[in-house]
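Biologist: Please take a close look at the aromatic pairing in this model, and then at the patches on its surface.

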Amino acid sequence: MILEYSNYDRAYIDSQFRDIIKTAITYEPDVISVLPTHLRTAKNILSGTNIKLSCPIDFPLGILETPNKKSAVKSAIKKGAKIVEVVCPSHVLCNRKYDKLREEVKCMQEIAQNEDVEIRYILEYRFFSYDLMYKVANILLSANINTIYPSTGYFIDDIHDNILASALMNKKVPDINIICNGNFWSKNHINLVKKSNLYGFRVNSINGLDLMHKNILNCS
């Protein structure tokens, strides 16, 4: 199972951020995702590890035009991101302009193809209908986007709903990798994780990392 950690706190001073990322590294997550402003710091801390550095783009609302997204992606890659997580364009999808999404994904892939960088997409199950989620997942998979996230975490989220959304998408689009990223903090939530049989999970706290490490990865 894939384990990831995200830290999108805008209020940390640099020393706090460094300490938290150093602690996160001890749990050996596969990916650590940070905001663009923290990429260079995180890159230096992750140097010498096998942990991939990731960054969300157009987070959290997905409202940028494609040229602006392209600039943001190029900037993130320049700062050290090896995975770029693009928030799905909300206005485009709500208006069912699927060709616009395909055009955007093509642009993102063209930027990344020569940079040894992976493009992923973030959906928003609190905002989109399930039918729309399935449609988008199929479009992304057909464009060689192999990993997605069901939520930005910006809207009120719950681990039960997040796992359900992930499982339903996985049933309809079984070949796509879904990283469930709902908020969880208790052993009861861990039991849900064990039953879900999903590709991976992303936590946003050290406590979450500790729970996953001890109870899912069976590490002391």
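Modeller: What follows covers the aromatic pairs and then two surface patches. The model is predicted, so to speak of a local feature requires pLDDT of at least 70, side-chain atom pairs count only at pLDDT 80 or more, and totals for chains, interfaces and linings use all residues. Residues are numbered from 1 along each chain as its sequence is written, and side-chain values use heavy atoms, leaving out hydrogens and water.

A search of the whole structure finds 3 aromatic pairs (rings of Phe, Tyr and Trp, the last by its six-membered ring, with centres within 6.5 Å; planes under 30 degrees apart are stacked, over 60 edge-to-face, the rest tilted). One of them joins Y130 and Y134, which are stacked at 6.3 Å centre to centre with 20° between the planes. Both belong to helix α6 (residues 130-142) and sit 4 residues apart, about one turn of the helix. Helices here are DSSP runs of H or I with at least four residues, strands are E runs of at least two, and both are numbered from the N terminus. Y134 is buried at 14% relative accessibility, while Y130 is partly exposed at 33% (buried is under 20%, exposed over 50%, partly exposed in between, with a 1.4 Å probe and protein chains only).

On the surface, L61, I63, F127, Y154 and F155 make a nonpolar patch of about 510 Å². Patch residues have over 30% relative accessible area and no salt bridge, with like charges joined within 9 Å and nonpolar side chains (Val, Leu, Ile, Met, Phe, Trp, Tyr) within 5 Å. A salt bridge puts a side-chain nitrogen of Lys or Arg within 4 Å of a carboxyl oxygen of Asp or Glu. Y154 lies in the loop between β6 (147-149) and α7 (159-172). R40, K43, K78 and K82 gather in a patch of positive charge. R40 is in helix α2 (residues 39-46) and counts as exposed at 51% relative accessibility.

Note on methods
Areas by Shrake-Rupley, 256 points an atom, 1.4 Å probe, with all protein chains shown as cover. Lys, Arg positive; Asp, Glu negative; His and termini not counted. Charge placed at Lys NZ, Arg CZ, Asp CG, Glu CD.
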